[in-house]
Amino acid sequence: MTDSLKELYQEVILDHSKAPRNFGRPESCSHEAHGYNPLCGDTINIYLTLSDDRHVEGLSFDGKGCAISVASASLMTEILKNKTEDEAKSLFNQFHKLVTGESDELDAGEDTERLMVLAGVKQFPMRVKCATLSWHALNSALDGTSDVTTE
Ligand code: ZN
């Protein structure tokens, strides 16, 4: 990766952690889950509304965490909007492989490519749990279990 690309990625992460998108608890949602990463102290709550045909109609989050966990949650809420439940689960698997270094690529649509900004965490195993926390929480919201911890 070139230095300028690295810088760009860091900027995106900083931007999303300072000004997270879709932050806050909505008045109502169909699914919610709470994620906790004891290694870092990150706490992320996911609020999801699925439509009758299992599309992501609404997705937001709140909580407190490090820059990586908040930026990852913020990006996730933007990217999964209007995706189907199956697409969301498939992206979770791909994202997991990306940040654990199992794979270098995503089945990219133009928007999912933005998740590449978090690929750098694979060099920092402690940070992988920060980056995947919101995704684990989303997954448990979809599965109907409401609490998840990365341990
Ligand atoms: Zn963290």
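This passage describes the strands, the zinc site, selected helix and loop residues, and the largest pocket of a predicted model.

A convenient place to start is the antiparallel sheet. Strand β1 (residues 31-37) runs antiparallel to strand β2, and seven bridges join the two. One of the facing pairs brings Asn 37 opposite Asp 42 in β2. The two strands form a hairpin with four residues between them, and within that turn Gly 41 takes a positive phi of about 90 degrees. On to the next strand: β2 pairs with β3 (residues 56-64), again in the antiparallel sense, over eight bridges. Here Ile 46 stands opposite Phe 61 in β3, while Asn 45 has Asp 62 as its bridge partner. This second hairpin has five residues between its strands, and Arg 54 shows a positive phi near 65 degrees. As for the surroundings of β2 (residues 42-50), seven of its nine residues are buried, so the strand is largely enclosed by the rest of the structure. A general point is handy when reading the side chains here: in a regular strand they alternate between the two faces of the sheet.

The zinc site comes next, and it shares a residue with the sheet just described. The zinc ion is coordinated by the SG atoms of Cys 40, Cys 66 and Cys 130, together with Asp 42, which is listed twice through OD, at 2.2 to 2.7 Å. Along the sequence, the donor residues follow the spacing C-x1-D-x23-C-x63-C. Are Cys 40 and Asp 42 buried or exposed? Asp 42 has a relative accessibility of 1%, and it counts as buried because this value is under the 20% cut-off. Cys 40, by contrast, has a relative accessible area of 34% and is partly exposed, because that figure falls between the 20% and 50% limits. Asp 42 thus has two roles in this description, as a zinc donor and as the residue facing Asn 37 across the β1 and β2 pairing.

Two helix residues give a view of the packing. Ser 74 lies in helix α2 and is buried, with a relative accessible area of 0%. Leaving out residues up to four places away in sequence, Ser 74 touches His 16, Pro 20, Arg 21 and Phe 61. The last of these, Phe 61, is the β3 residue that stands opposite Ile 46. Asp 62 is twelve residues from Ser 74 in sequence, with 9.5 Å between the two C-alpha atoms. In helix α3 (residues 85-100) the residue to look at is Phe 95. Phe 95 also counts as buried, at 0% relative accessibility. Beyond its neighbours within four places in sequence, Phe 95 is in contact with Ser 72, Leu 106, Leu 115, Leu 118, Ala 131, Thr 132 and Trp 135. Between Phe 95 and Gln 123 the sequence separation is 28 residues, and the C-alpha to C-alpha distance is 15 Å.

The loops hold some backbone angles worth a look. Most residues other than glycine have a negative phi. Asn 22, however, has a positive phi of about 55 degrees although it is not a glycine. Asn 22 sits in the loop between α1 and β1 and is partly exposed, with a relative accessible area of 34%. A positive value is also found at Asn 82, where phi is near 70 degrees. This residue belongs to the loop between α2 (67-80) and α3. With a relative accessible area of 57%, Asn 82 is exposed, because the value is over 50%.

Finally, the largest pocket has a volume of about 380 Å³. Its lining comprises 15 residues, and those closest to the centre are Gln 10, Val 117, Gly 120, Val 121 and Phe 124. Which helix gives the most to this lining? Helix α1 (residues 3-18) does, with four residues. In terms of chemical class, the lining has nine nonpolar, three polar and three charged residues.

Methods. Residues numbered from 1 in each chain as written. Predicted model: local features only at pLDDT ≥ 70, side-chain atom pairs only at ≥ 80, totals over all residues. Heavy atoms only, no water. 1 Å grid on protein atoms, 1.4 Å probe; cavity = no way out; pocket = protein on both sides within 12 Å on 5 of 7 lines; lining within 4 Å. Points joined across faces, edges and corners; volume = space filled by probe spheres on them. Nonpolar A, V, L, I, M, F, W, Y, C, P; charged D, E, K, R; others polar. Buried < 20%, exposed > 50% of the residue type's maximum accessible area, 1.4 Å probe, protein only. Pairing = 2+ DSSP bridges. Donors = N, O, S within 2.8 Å, 3.2 Å for Na, K, Ca; no water. Contact = heavy atoms within 4.5 Å.
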